[in-house]
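Here's a quick briefing to read alongside the coordinates. Have a look at the model first, then we'll go through the metal site and the charged pairs.

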Amino acid sequence: MDKLDRIVAEARMAREKRETTYRDRALQIYPWICGRCAREFDRTSLQMLTVHHRDHNHDNNPPDGSNWELLCLYCHDNEHSRYSEQTGRDGPTPGGEKITPDTFKPFAGLDALLKNRK
Ligand SMILES: [Zn+2]
Ligand SMILES: [Zn+2]
């Protein structure tokens with residue numbers, strides 16, 4: 001029990017550490033302004049500012065920050081729903097951000113089924 005708890009805790013910590021690392025780095029490189037709506041942030045509102053990955057791949061974290069963009073929570077949400085609308089029809093993008101990976105394939109299969117019936 002204790003051992004499992006520790007493994008789970010360690011895995012979570014490793015993930016949080018990785019996320020904190022690139023977030024900290026992005027906040028050092030970029031001004032605290034949303035890249036879409038230009039809203040400004042300070043220490044008290046900083047938790048509303050998120051780090052977006054331009055290529056939607058969370059594992060692609062170049063130290064120069066070229067894959068990061070600071071977005072407020074709302075614009076970040078928009079960015080992601082726009083992204084899934086654009087790519088949803090063509091199936092998953094390799095190496096893409098895995099938001100809802102399982103929703104893509106059933107739709108693709110349904111599409112093929114409908115075509116076969118006609
Ligand atoms: Zn914004
Ligand atoms: Zn994002």
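Which residue forms a salt bridge with Glu69? That's Arg36, with the closest N and O atoms 2.8 Å apart. Bear in mind that this is a predicted model, where local features need pLDDT of at least 70, side-chain atom pairs count only at pLDDT 80 or more, and totals for chains, interfaces and linings use all residues. Residues are numbered from 1 along each chain as its sequence is written, chains are lettered from A and ligands numbered from 1 in the order in which they are written, and side-chain values use heavy atoms, with hydrogens and water left out.

**Zinc site**

- Cys34, Cys37, Cys72 and Cys75 each offer SG to the zinc ion (ligand 1), at 2.3 to 2.4 Å. (Donors are N, O and S atoms within 2.8 Å of the metal, or 3.2 Å for Na, K and Ca; water is not among the atoms, so sites may look incomplete.)
- Angles between the four donor atoms run from 101 to 117°, which makes the arrangement tetrahedral (four donors with all angles between 85 and 135 degrees).
- Along the chain, the donors of the zinc ion follow the spacing C-x2-C-x34-C-x2-C.
- Cys37 sits in the loop between α1 (2–29) and β1 (49–53) and Cys72 in strand β2 (residues 68–72), so this pair ties together parts 35 residues apart in sequence. (Helices are DSSP runs of H or I, at least four residues, and strands are runs of E, at least two, numbered from the N terminus.)
- Cys72 is buried at 2% relative accessibility, while Cys37 is partly exposed at 40%. (Buried is under 20% relative accessible area, exposed over 50%, partly exposed in between, with a 1.4 Å probe and protein chains only.)

**Salt bridges**

- The whole structure has six salt bridges (a side-chain nitrogen of Lys or Arg within 4 Å of a carboxyl oxygen of Asp or Glu).
- Back to Glu69 and Arg36, which form a salt bridge: Glu69 lies in strand β2 and Arg36 in the loop between α1 and β1, so the pair ties together parts 33 residues apart in sequence.
- Glu69 is buried at 12%, whereas Arg36 is partly exposed at 39%.
- Both belong to a salt-bridge network with Arg54, Glu79 and Arg82.
- Arg18 and Asp59 meet at 2.4 Å, N to O, linking helix α1 to the loop between β1 and β2, 41 residues apart.
- Within helix α1, Arg6 and Glu10 are four residues apart, about one helical turn, and their closest N and O atoms are 3.6 Å apart.

Notes: Four donors count as tetrahedral if all angles lie between 85 and 135 degrees; four count as square planar and six as octahedral if opposite donors are over 155 degrees apart and all others between 65 and 115; anything else is irregular.
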